[in-house]
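Take a look at the fold below. Keep the sequence beside it as you read.

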Amino acid sequence: MIFLRVLGVLRDADAIVYCQDVNAPPDALAQVRAEVAAAGIELPALLAATKTDEAEPGALERLRAATPELEVIGVSVIDDASLEAFKE
């Protein structure tokens with residue numbers, strides 16, 4: 001039920017920022033994106049790869065390879081430079 005409310009909010013949004021732990025498998029993100037697509041929501045989107053300070057070697061590159069249609073921006077709450085890059 002909560003996800004249905006989120007989909008309702010997305011219908012009025014200008015864009016979507018998906019968030020994914022950089023070390024997590026992209027399956028969960030794929031499921032969320034499939035639900036958004038099934039709802040007929042087509043908006044510009046990007047992916048914030050979170051927790052990059054804890055990233056395993058090659059994790060950000062793997063996430064980028066798994067989601068080539070999205071701009072992937074690595075972010076960490078303890079890295080001010082990454083947060084500034086995300087704001088841009």
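This report goes through the sheet, its helices, the core and one buried serine.

## The sheet

This is a predicted model. Its sheet is open and has three strands, in the order β1-β2-β3. The pairing is parallel. β1 (16–21) and β3 (71–74) are the edge strands. Each has a single partner strand, so one side of each has no neighbour in the sheet. On average, neighbouring strands are turned by 25 degrees against each other, direction ignored.

Now look at one pair. β1 and β2 (residues 45–50) run in the parallel sense and are joined over six bridges. Within this part of the sheet, Asp 21 stands opposite Thr 50 of β2.

## Helices on the sheet

Which strands does helix α2 touch? Helix α2 (residues 27–38) packs on the sheet and touches β1 and β2. Its direction makes about 160 degrees with that of β1. Helix α3 (residues 59–66) lies across β1, β2 and β3. The angle between α3 and β3 is about 160 degrees.

α2 has 12 residues. From its first C-alpha to its last, α2 reaches 16 Å, close to the 16 Å expected at 1.5 Å a residue. Just after α2 comes Gly 40, with a positive phi of about 75 degrees.

## The nonpolar core

In soluble globular proteins, nonpolar side chains tend to be buried together. Here, the largest nonpolar core holds 15 residues. Tyr 18, Val 36 and Leu 47 touch the most other members. Five elements give two or more residues to this core: α1 (2–10), β1, α2, β2 and α3. The largest share, three residues, comes from α3.

What does Tyr 18 touch, leaving aside its neighbours within four places in sequence? Its contacts are Leu 29, Val 32, Arg 33, Val 36, Ala 45, Leu 46, Leu 47, Ala 48 and Leu 70. Two of these names have come up already: Val 36 and Leu 47 stand with Tyr 18 among the core members that touch the most others.

## A serine in a loop

Find Ser 76 in the loop between β3 and α4 (80–87). Is Ser 76 buried or exposed? Its relative accessible area is 3%. The cut-off for buried is under 20%, so Ser 76 counts as buried.

Which side chain does Ser 76 meet in a polar contact? The partner is Asp 53, and the contact between the two side chains is 2.6 Å.

Methods. Residues are numbered from 1 along each chain as its sequence is written. This is a predicted model: local features need pLDDT of at least 70, side-chain atom pairs count only at pLDDT 80 or more; totals for chains, interfaces and linings use all residues. Side-chain values use heavy atoms; hydrogens and water are left out. Two strands pair if DSSP finds at least two bridges between them. Helices (H or I, at least four residues) and strands (E, at least two) are DSSP runs, numbered from the N terminus. Axes are lines fitted to C-alpha atoms, for helices over the stretch in contact, and angles run from 0 to 180 degrees between N-to-C directions. Contact means heavy atoms within 4.5 Å. A nonpolar core is a set of buried Ala, Val, Leu, Ile, Met, Phe, Trp, Tyr and Cys residues joined through side-chain atoms within 4.5 Å. Buried means under 20% relative accessible area, exposed over 50%, partly exposed in between (1.4 Å probe, protein chains only). A polar contact is a pair of N or O atoms within 3.5 Å; within protein, one must be able to donate a hydrogen and the other to accept it, and residues adjacent in sequence count only if both atoms are side-chain atoms. The expected span of a helix is 1.5 Å times one less than its number of residues.
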